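Work through the exercises below with the model open. Try each task before reading its solution.

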Amino acid sequence: MKIDKLNIVNFRRFKSLDLSFDDRNLIVGINGSGKTTLLEAIYMLCWGKSFRTTKDNEVIRWEERSALLEGEFSGEDIYSLRLLLSSSGKRITLNGKAIARANLIGKIPVLFVSPEELSLLSGPPKVRRDFLNKLLSQLDNEYLTKYRLYLKLIKEKNSALSRGEKIGKILDFINERLFNVSFYIWKKREEVLNLLGGEEIKIVYKPSGLNVDLDRDALKRVMISLKDKEISRGFASFGPHLDEFDILRREGFSFRKFSSRGESKLIIWRFFMRALSLFKEKKPILLIDELFAELDSSKRSMVQEDLNGLRSQIFITALTPYVELKDFSLFEVRDGEVRRYNS
């Protein structure tokens with residue numbers, strides 16, 4: 001999929017923009033000029049939420065009452081997408097029909113790569129779980145449905161546990177439903193993590209944060225053994241919401257301890273390239289924020305080789321144009337405006 005046209009009204013620092021894009025797009029400008037905001041607008045149209053904030057009203061331009069994003073998309077499908085944000089909420093319209101955000105996810109796949117993604121190597125487990133959920137939700141609509149059901153059930157379980165009542169039988173009933181959904185999520189996560197490993201990367205998956213095999217009977221025994229502990233603590237202490245996976249060197253060493261920042265960036269890039277390869281039908285739009293910073297010329301050339309082999313539409317932000325990206329259409333962001341230099 002690709003975005004051909006983007007219209008922005010009152011989105012962060014941008015008052016009004018009307019842009020058209022090509023397959024390869026380079027966005028340059030000084031820090032704070034709004035380069036990442038352009039990527040955010042595209043991402044928000046595709047995903048329905050920002051990668052910067054969980055509060056939609058934060059993207060509305062100061063002293064304005066609403067923000068509007070409109071995009072024209074082509075590729076495997078043709079979509080006209082409109083996202084209106086206001087104090088009363090968010091309204092998404094696809095080809096003239098209002099849709100829920102859950103029905104948007106996966107229609108226009110998108111991947112966002114930035115220096116912050118280094119937290120996949122060294123950050124808390126939630127960062128890695130969020131990455132998996134975003135990836136799998138775009139690859140498999142059934143996963144999104146199951147995961148939303150899991151969140152509903154785990155909320156019900158925590159609510160029951162927090163009341164401190166005698167809930168033994170109720171908990172057994174909830175756990176039975178939860179386990180079936182949990183095991184589906186575990187299997188899907190294991191499958192995709194096996195595909196994300198490679199020559200440079202070893203991935204160690206820990207269902208519910210435990211060093212256990214993904215065996216249905218064994219995991220069910222663990223769930224049963226934790227019942228009294230959960231009742232005494234008043235919250236769920238078992239399930240996919242506690243999953244963890246480590247991204248290691250093939251030899252088993254930590255990238256965090258044995259890699260420079262530039263090398264870690266390259267590893268994250270390779271990791272995302274493997275994620276990109278999982279999309280067989282619709283190729284995601286690839287948004288790359290400041291990846292080239294801190295990469296030496298040899299590593300930039302390696303990234304360029306990868307880019308040359310991609311069929312995805314690409315957007316890259318940088319402080320200045322790089323010679324490796326001379327074939328990209330060039331946009332400059334300055335003072336709330338965007339200027340295009342070539343086509």
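The exercises cover aromatic pairs, charges over rings, and one strand with its neighbours. The model is predicted.

**Exercise 1. Classify the ring pair of Phe-131 and Phe-272, and place it in the chain.**

Solution.
1. The structure holds 11 aromatic pairs. Take this one.
2. The ring centres of Phe-131 and Phe-272 are 5.4 Å apart. Pairing requires centres within 6.5 Å.
3. The planes stand at 70°. An angle over 60 degrees counts as edge-to-face, so the pair is edge-to-face.
4. Phe-131 belongs to helix 4 (residues 125-139), and Phe-272 to helix 10 (residues 261-277). The two parts are 141 residues apart in sequence, so the pair ties them together.
5. Both Phe-131 and Phe-272 are buried.

**Exercise 2. Do the same for Trp-186 and Phe-238, then find the cluster they belong to.**

Solution.
1. Trp-186 and Phe-238 have 5.5 Å from centre to centre and 65° between the planes. This pair is edge-to-face.
2. Trp-186 sits in helix 6 (residues 168-196). Phe-238 sits in the loop between helix 8 (227-233) and strand 10 (244-249). The pair links distant parts of the chain, 52 residues apart.
3. Buried means under 20% relative accessible area. Trp-186 has 0%, so it is buried. Phe-238 has 5%, so it also counts as buried.
4. Ring pairs join Phe-179, Phe-183, Trp-186 and Phe-238 into a cluster.

**Exercise 3. Which rings have the charged end of Lys-146 or Arg-216 over them?**

Solution.
1. Start with Lys-146. Its charged end sits over the ring of Tyr-184, 5.4 Å from the centre.
2. Turn to Arg-216. It lies over the face of Phe-183, at 5.1 Å from the ring centre.
3. Phe-183 is also one of the residues in the ring cluster.

**Exercise 4. Is strand 12 enclosed or open, and which strands pair with it?**

Solution.
1. Strand 12 spans residues 314-318, and 5 of its 5 residues are buried. It is therefore largely enclosed by the rest of the structure.
2. Check both sides. Ile-314, Ile-316 and Ala-318 point one way, Phe-315 and Thr-317 the other way, and all are buried.
3. Strand 3 (residues 24-28) pairs with strand 12 in the parallel sense over 5 bridges. Arg-24 has Ile-314 as its bridge partner.
4. Strand 11 (residues 285-289) runs parallel to strand 12 and is joined to it by 4 bridges. Leu-286 has Ile-314 as its bridge partner.
5. Follow the chain from strand 11 through helix 11 (residues 297-308) to strand 12. This β-α-β crossover is right-handed.

Technical notes:
Residues numbered from 1 in each chain as written. Predicted model: local features only at pLDDT ≥ 70, side-chain atom pairs only at ≥ 80, totals over all residues. Heavy atoms only, no water. Phe/Tyr/Trp six-rings, centres within 6.5 Å; stacked < 30°, edge-to-face > 60°. Buried < 20%, exposed > 50% of the residue type's maximum accessible area, 1.4 Å probe, protein only. Lys NZ or Arg CZ within 6 Å of the ring centre and 35° of its normal. Pairing = 2+ DSSP bridges. Right-handed = clockwise from strand over helix to strand, strands pointing away.
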